[in-house]
Amino acid sequence: MGPKDFLTSLKLGFFGSYLFKYKKVNAKRATRLNNSASTFQLTDFQGMEKAHHWIFIPLLVDYISILLGNGTLLFLIRNDHNLHEPMYYFLAMLAATDLRVTLTTMPTVLGVLWLNHREIGHVACFSQIYFTHTLSVMESGVLLAMAYDRFIAIRNPLRYTSILTNTQIMKIGVGVLTRACLSIIPIVVHLHWFPYCQSHVLSHAFCLHQDIIKLACADITFNHLYPVVVLFAMVLLDFLTIFFSYILILKTVMVIGSGEEKAKALNTCVSHICCILVFYVTVVCLAFIHRFGKHVLHVVHITMSYIYFLFPPFMNLVIYSIKTKQIQNGILCLFSLPRSRA
């Protein structure tokens, strides 16, 4: 081989290796673009496709009941001047949160069950994750605010309206909303930049953070640890603060003179306590199933998810409608029925 042949082969070797690397990089970029442009596939009760239309009916009834019930409650609190009190303003925040949780999750569920519409784009999926988890943290914060309301009402009844002014209530609401919105942003931002090179089939009829991170082909350590930090730093801390506030409330009630006054004071807290139990029990059950229920049947995972998204919004409405005379009277008046005695 002469000098010219040697130089020619060297140039071809150099440009050949460069061309190979260029094609390899472009192939990786194309793969990422295809992954980012593709859609996720929603699923539901696998193996029970023939029963989907029957499952659709009770879910639709529950969905409509939550929409109408919470919508009516918000309408009453806005228009009935007898309900323009701090307790009912916080109840309106809870109803609005429950309403948004249902509106965020149920449309895709009903679409899968009735229309078999299973595709969801990345942007829509990540938006659903953001709003779902944000509203869960927000509901915990609203329950904490309602505990503060009951604490002030029983510990300082004479200063109740002067402490919980409309401005103060607005500040609390903005604080609860801001904390919830900012706490979930980091995990959703990470989801947007992850490459998804595995199967795009999800295990639910709506997008969950736990489902999406299983499909990512990247280091997901942060997305595993951060939700745990949020759960303990916010939801658990909220619960412990609520528990401590009720200890102080009980101490206050115990020094009240008559048994009738004690019962009346505690009766104002019963509805809130029931809502706390409904929310936190479902949160704990769902968290344990996702973390430690690898061998649990898939139908149990699906059912528990529906209980988490539908049971608290429905039960909160029922609890306050049954236990609060002012709301009962407002509903009766709205439908032009005789008022019950307060």
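How many aromatic pairs does the count come to? The count comes to 11 aromatic pairs. The model shown in these views is predicted.

**View 1. F40 and Y196 pair edge-to-face.** The ring centres of F40 and Y196 lie 5.5 Å apart, with 85 degrees between the planes. The pair joins distant parts of the chain, with the two positions 156 residues apart. F40 belongs to strand β1 (residues 40–41). Y196 sits in the loop between α6 and α7 (209–212). F40 counts as buried because its relative accessibility is 0%. Y196 has 1% relative accessibility, so Y196 also counts as buried.

**View 2. F206 and F309 form an edge-to-face pair.** Their ring centres are 5.0 Å apart and their planes meet at 85 degrees. Again the partners come from distant parts of the chain, 103 residues apart. F206 is in the loop between α6 and α7, and F309 is in helix α10. F206 counts as buried because its relative accessibility is 1%. F309 is at 3%, which is under the 20% limit, so F309 is buried as well. F206 and F309 share one aromatic cluster with Y306 and Y308.

**View 3. The largest nonpolar core holds 94 residues.** Which members touch the most other members? They are F40, L59, L143, Y196 and I212. Several helices each supply at least two residues of this core: α2 (52–79), α3 (86–115), α4 (122–155), α5 (160–163), α6 (166–193), α8 (221–254), α9 (259–292) and α10 (298–323). Helix α4 gives the most, with 16 residues.

**View 4. I212 and its contacts.** Leaving aside residues up to four places away in sequence, what does I212 touch? The neighbours are F40, C125, F126, I129, L191, Y196 and L202. Among them are F40 and Y196, the two partners of an edge-to-face aromatic pair. C125, another neighbour of I212, forms a disulfide with C207.

**View 5. C125 and C207 form a disulfide.** How many disulfides does the count come to? The count comes to 1 disulfide. The sulfur atoms of C125 and C207 are 2.0 Å apart. The torsion about the S-S bond is about -125 degrees, so the disulfide is left-handed. The bond links distant parts of the chain, 82 residues apart. C125 lies in helix α4, and C207 lies in the loop between α6 and α7. C125 counts as buried because its relative accessibility is 0%. C207 has a relative accessible area of 0%, so C207 is buried too.

**View 6. C285 and C333 are partly exposed.** C285 has 34% relative accessibility. C333 has a relative accessible area of 43%. Why do these values count as partly exposed? Both fall between the limits, because buried means under 20% and exposed means over 50%.

**View 7. R150 is a buried residue of helix α4.** Is R150 buried or exposed? R150 counts as buried because its relative accessibility is 8%. A polar contact of 2.9 Å joins its side chain to that of D149. Not counting residues up to four places away in sequence, R150 touches M87, Y160, Y246, I249, T268 and C269.

How values were computed:
Residues are numbered from 1 along each chain as its sequence is written. This is a predicted model: local features need pLDDT of at least 70, side-chain atom pairs count only at pLDDT 80 or more; totals for chains, interfaces and linings use all residues. Side-chain values use heavy atoms; hydrogens and water are left out. A nonpolar core is a set of buried Ala, Val, Leu, Ile, Met, Phe, Trp, Tyr and Cys residues joined through side-chain atoms within 4.5 Å. Buried means under 20% relative accessible area, exposed over 50%, partly exposed in between (1.4 Å probe, protein chains only). Helices (H or I, at least four residues) and strands (E, at least two) are DSSP runs, numbered from the N terminus. Contact means heavy atoms within 4.5 Å. Rings of Phe, Tyr and Trp (its six-membered ring) pair if their centres lie within 6.5 Å; planes under 30 degrees apart count as stacked, over 60 as edge-to-face and the rest as tilted. A polar contact is a pair of N or O atoms within 3.5 Å; within protein, one must be able to donate a hydrogen and the other to accept it, and residues adjacent in sequence count only if both atoms are side-chain atoms. A disulfide is a pair of cysteine sulfur atoms within 2.5 Å.
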